[in-house]
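Student: I've just opened this one and want to talk it through. Can we go over it together?

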Number of protein chains: 2
Amino acid sequence: MTGEPAKKPSRIQIRNRRRILDAALEVFSQHGYRGATLDQIAEAAGMSKPNLIYYFDGKAAMHVAVLNTLMEEWLSPLAAIDEAGEPLEEILTYVRRKMEMSRKFPRESRLFANEIIQGAPRMGPNLESGLKPLFDEKCVLIQSWVDDARLAKVDPQQLIFSIWAITQHYADFEAQVRVLIEDETAGWKAADAHVETLFRKLLVPEITSD
Amino acid sequence: MTGEPAKKPSRIQIRNRRRILDAALEVFSQHGYRGATLDQIAEAAGMSKPNLIYYFDGKAAMHVAVLNTLMEEWLSPLAAIDEAGEPLEEILTYVRRKMEMSRKFPRESRLFANEIIQGAPRMGPNLESGLKPLFDEKCVLIQSWVDDARLAKVDPQQLIFSIWAITQHYADFEAQVRVLIEDETAGWKAADAHVETLFRKLLVPEITSD
DNA sequence: TCTGTTTTTTACCATTTGGTAAAGGCACGA
DNA sequence: TCGTGCCTTTACCAAATGGTAAAAAACAGA
């Protein structure tokens with residue numbers, strides 16, 4: 001029923017596909033889909049343009065491949081929020097992991113940012129099917145924590161948006177941050193401390209009287 | 001010393017320049033600099049492509065013109081933070097005005113976001129000369145408020161980043177927000193309340209004992 | 001080593017795109 | 001009414017860009 005035999009990919013295929021995806025990530029994240037050219041990607045991947053087409057069925061397919069490849073990893077910190085854990089600590093851990101990802105994978109962050117800002121023209125369905133269910137699930141979980149007074153009263157949806165906005169800001173708007181903050185290392189340290197404080201103050205549950 | 005005589009622009013010039021800038025804003029904000037085409041802008045402006053070039057010296061010049069035209073207005077809420085005002089109320093007013101701008105001028109927000117994400121290749125100097133002085137000035141002000149215990153201890157730079165990140169998120173990532181939030185009107189209301197709470201909790205000064 | 005298959009490259013090509021040349025249209029004062 | 005100078009458009013162009021054809025090169029199994 002699956003149509004094609006789907007032969008096992010050779011070692012060369014695996015290596016080259018990886019190289020192309022990495023090059024594509026580099027170029028797409030810096031210039032956006034439209035601004036990226038196959039020549040740029042080819043050069044970054046160290047191979048000729050037609051060879052890209054040999055491995056991926058055109059520019060659009062390459063873009064989708066990059067997005068899909070990274071999507072799961074990108075959402076893994078959210079997925080890792082544990083129902084059984086201590087609510088405040090779970091959320092703060094999530095925040096810390098997001099900050100870490102902004103630092104380690106700014107290209108991935110900008111790739112998604114570019115796509116979303118431009119209206120997610122090539123990722124729309126993926127948002128519905130991949131992101132939305134996970135988002136909804138975690139919102140329900142956080143709401144239950146709020147209802148049990150284990151977190152301060154907060155709108156789970158808005159909370160997650162805030163976390164995304166702040167943590168990804170450091171990667172997405174890095175060019176601006178760099179202009180405004182002289183010492184980069186100190187800046188990151190201050191950012192970590194600030195974000196920790198901010199969400200702690202927002203989320204620490206009130207002392208109830210009953 | 002100013003070189004050209006700089007004749008007064010005719011009514012037609014004023015009208016058409018405005019129309020072009022608006023069309024350019026529309027197209028640039030949706031597709032980014034590279035993704036936008038002169039044909040798209042021409043169509044949006046309701047005139048022929050060479051006519052654009054008659055009014056603006058090429059695509060890059062148009063982009064810079066749009067950015068510069070909007071820069072001042074975009075920063076006006078930050079500039080409006082008043083040294084003489086009540087600290088917490090000043091900051092919250094700033095936050096509210098930023099939220100309002102996200103709602104009313106999402107195109108402007110996305111225009112800047114696109115530019116910054118891609119490394120501000122055409123706006124770099126403008127950030128240094130236009131944004132940085134204002135940013136530094138307001139950081140000093142906020143720091144003085146903190147030192148006087150009129151605000152909770154907070155890193156002014158990080159505070160401003162947080163405000164930008166959260167408020168602009170609703171405009172820049174609207175495509176994502178729309179997928180995840182069903183009721184748009186309710187979403188905006190919740191956003192307003194959430195943002196208000198978040199920054200109030202962060203900034204309300206501790207009761208000091210001495 | 002020989003052979004069939006996979007991988008890669010060298011020309012190409014059609015379209016798109018930023019920009020130009022030059023002529024036509026139009027408003028407005030003399 | 002007639003120029004005169006501002007405005008606008010119709011062709012065009014050269015470069016860039018996504019993609020193809022087909023041959024060369026590298027590779028793997030017998």
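Student: What is 2.8 Å from the side chain of Ser48(B)?

Tutor: A phosphate oxygen of DNA strand D, paired with an N or O atom of that side chain. A polar contact here is a pair of N or O atoms within 3.5 Å; within protein, one must be able to donate a hydrogen and the other to accept it, and residues adjacent in sequence count only if both atoms are side-chain atoms. Keep in mind that this is a predicted model, where local features need pLDDT of at least 70 and side-chain atom pairs count only at pLDDT 80 or more, while totals for chains, interfaces and linings use all residues. Residues are numbered from 1 along each chain as its sequence is written, chains are lettered from A and ligands numbered from 1 in the order in which they are written, and side-chain values use heavy atoms, with hydrogens and water left out.

Student: Which other side chains have a polar atom by a phosphate oxygen of DNA strand D?

Tutor: Asn16(B) has a polar side-chain atom 2.7 Å from a phosphate oxygen of that strand, and Tyr55(B) has one at 2.6 Å.

Student: And which elements line that surface?

Tutor: H3 of chain A plus H1 and H3 of chain B each give two or more residues to the surface near DNA strand D. Helices are DSSP runs (H or I, at least four residues), strands are E runs of at least two, and both are numbered from the N terminus.

Student: How many residues surround DNA strand D, and which are closest?

Tutor: There are 20, with Leu38(A), Ser10(B), Asn16(B), Arg34(B) and Tyr55(B) the closest. A residue is near a strand if one of its heavy atoms lies within 4 Å of it. Of the atoms of DNA strand D that come within 4 Å of the protein, 62% are sugar and phosphate. By class, that surface has 9 nonpolar, 7 polar and 4 charged residues. Ala, Val, Leu, Ile, Met, Phe, Trp, Tyr, Cys and Pro count as nonpolar, Asp, Glu, Lys and Arg as charged, and the others, Gly among them, as polar.

Student: OK, switch to DNA strand C. Which residues come nearest?

Tutor: Ser10(A), Asn16(A), Arg34(A), Tyr55(A) and Lys59(B), out of 19 around DNA strand C. Sugar or phosphate makes up 60% of the strand's atoms within 4 Å of the protein, and bases make up the rest.

Student: What touches its phosphates?

Tutor: Among them, Ser48(A) has a side-chain N or O atom 2.9 Å from a phosphate oxygen of DNA strand C, and for Asn51(A) that distance is 3.2 Å. Leu38(B) uses a backbone N or O atom, 2.8 Å from a phosphate oxygen. Helix H1 (11-35) and helix H3 (49-55) of chain A, with helix H3 (49-55) of chain B, each give two or more residues to this surface. Its residues divide into 8 nonpolar, 7 polar and 4 charged.

Student: How does chain B sit relative to chain A?

Tutor: A turn of 180° and a shift of 0.0 Å along the axis lay chain B on chain A with an RMSD of 0.0 Å (least squares on the C-alpha atoms of residues with pLDDT of at least 70 in both). The two copies are thus related as by a two-fold rotation axis.

Student: And how many residues are in the contact?

Tutor: Each side gives 52, from chain B and from chain A, where contact means heavy atoms within 4.5 Å. The copies meet through the same surface, because 100% of the interface residues of chain B are also interface residues in chain A.

Student: How much area gets buried?

Tutor: About 4,600 Å², with carbon and sulfur atoms giving 65%. That's the accessible area (1.4 Å probe) that two parts lose on being put together, summed over both. Ile117(B), Leu180(B) and Lys201(B) supply 16% of what chain B buries against chain A, more than any other three residues.

Student: How many salt bridges cross over?

Tutor: There are 2 across the interface of chain B and chain A, counting a side-chain nitrogen of Lys or Arg within 4 Å of a carboxyl oxygen of Asp or Glu. One of them joins Lys132(A) and Glu182(B), at 2.9 Å from N to O. There are also 15 residue pairs in polar contact between the chains (both at pLDDT 80 or more).

Student: Which helix gives the most to chain B's side?

Tutor: H8(B), with 12 residues. That side of chain B has 26 nonpolar, 17 polar and 9 charged residues.

Student: Last one: how many helices in chain A?

Tutor: Chain A has 10 helices and 0 strands.
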